[in-house]
Amino acid sequence: MQSGNLSTVSEFVLVGLSEAQEVHRLLFVLFLIIYLATMAGNITTLVAIGTDARLHNPMYFFLGNLSLLDLLCPTITVPKMLEALVLENKVISFTGCMLQLFFLIHVVGTEIFLLAVMAYDRYVAICHPLQYVNIVSMKLCARLAVGTWIVGFFNSLLHTSLVFTLFFCGSNEVDQYYCDIPPMLALSCSSTYSRELVILTVAGVLGSSAFVVTLISYFFILLAILGMNSAESRHKAFSTCGSHLTVVCLFYGATICTYVRPSSTYSPHQDRVVSLLYGILTPLLNPIIYSLRNKEVKRALRRVINHVRIAL
């Protein structure tokens, strides 16, 4: 594309995962299977939580929100990647790129805040079990869940507006398989310093706040578990929190590596690997992690699968 500004740029080209044509079909089959498995796992979890009255409590309400986010995250990026692999159509319009970035950051930001809310829920359940029902009511859960989506929306709106009011000239090739903040900043021909500073500051404040809530919650949870007299109670508490803690480590590790650093350290190949972790593999692993470590979820999933088998 010839030199121009954002008013003349009408499309971008997504480089994708690999430029080697001979592996495109293999990658298409691999990621199609992963995507379908992710959809099946998270939809089954949502159905299990929605149809089992014993799972209608705060913990599983938040897990349902997490499953919804894990449905949306790969759906924002994977279909376009699959289209590029099988049809070689790597072009995305300026508006399409902007919307893809907006929805992706919205989902990622919402999940960060939701994981912090889930950590607080586990803190109250383990450290204040007798007061849990009074403290964490379904009304409060609904407000907290809606709050995470609202904060995620405005966080995404800010980041998207900062990126797409930049000037773009020269190459229009986005060195990634979807539109994301680091490759878009690297593509801009105008100074990005002030915008990077705002992005890093906002992401740092919001992300650090959510991380601190999670860290403090698990600090007190650990103290409470170590103070339990019953080995069975300790095992049950560790099992309940272990799933969430595993998801937190996977998600935070990948997002920090991607977003919390200056664009001067941007590495396309490294970012592709990391983005696959939090954008495709983590949404696949989340329902597996929760179902394998939670007896109630496993029982509900078995009932759903049995109903499906009978229907078929």
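Before I come to the chain itself, let me fix one term: a residue is called buried when its relative accessible area is under 20%, counted with a 1.4 Å probe and with protein chains only. The structure I am showing is a predicted model, and on that definition buried residues make up 47% of the 312 residues in the protein chain.

As for the overall fold, the protein chain contains 10 helices and three strands, and if you follow the sequence from its start, these elements come in the order β-α-α-β-α-α-α-β-α-α-α-α-α. Among the contacts with a separation of 6 or more, 80% join residues that are 24 or more positions apart.

Turning to dimensions, the C-alpha trace spans about 70 × 50 × 30 Å along its principal axes. The radius of gyration is 21 Å, which agrees with a compact globule, because a globule of 312 residues would have a value near 20 Å.

On the surface, the protein chain exposes about 15200 Å², of which carbon and sulfur atoms supply 69%. The chain carries 19 positive and 16 negative charges, and the mean positions of these two sets are 15 Å apart.

Finally, the annotation: an unreviewed UniProt entry places the feature "transmembrane region" at several spans, including residues 98-120 and 140-158. In the model, residues 98-120 are 100% helix, with end C-alpha atoms 33 Å apart, and residues 140-158 are likewise 100% helix, with their end C-alpha atoms lying 27 Å apart.

Methods: Residues are numbered from 1 along each chain as its sequence is written. This is a predicted model: local features need pLDDT of at least 70, side-chain atom pairs count only at pLDDT 80 or more; totals for chains, interfaces and linings use all residues. Side-chain values use heavy atoms; hydrogens and water are left out. Helices (H or I, at least four residues) and strands (E, at least two) are DSSP runs, numbered from the N terminus. The radius of gyration is taken over C-alpha atoms; the globule rule is 2.2 Å times the number of residues to the power 0.38. Buried means under 20% relative accessible area, exposed over 50%, partly exposed in between (1.4 Å probe, protein chains only). Contact means heavy atoms within 4.5 Å. Accessible areas come from the Shrake-Rupley method with a 1.4 Å probe; for residues, only the protein chains shown count as cover. Lys and Arg count as positive and Asp and Glu as negative; His and the chain ends are not counted. The place of a charge is taken as NZ of Lys, CZ of Arg, CG of Asp or CD of Glu. UniProt positions are given in the numbering used here, feature names are shortened, and annotations may be inferred rather than shown by experiment.
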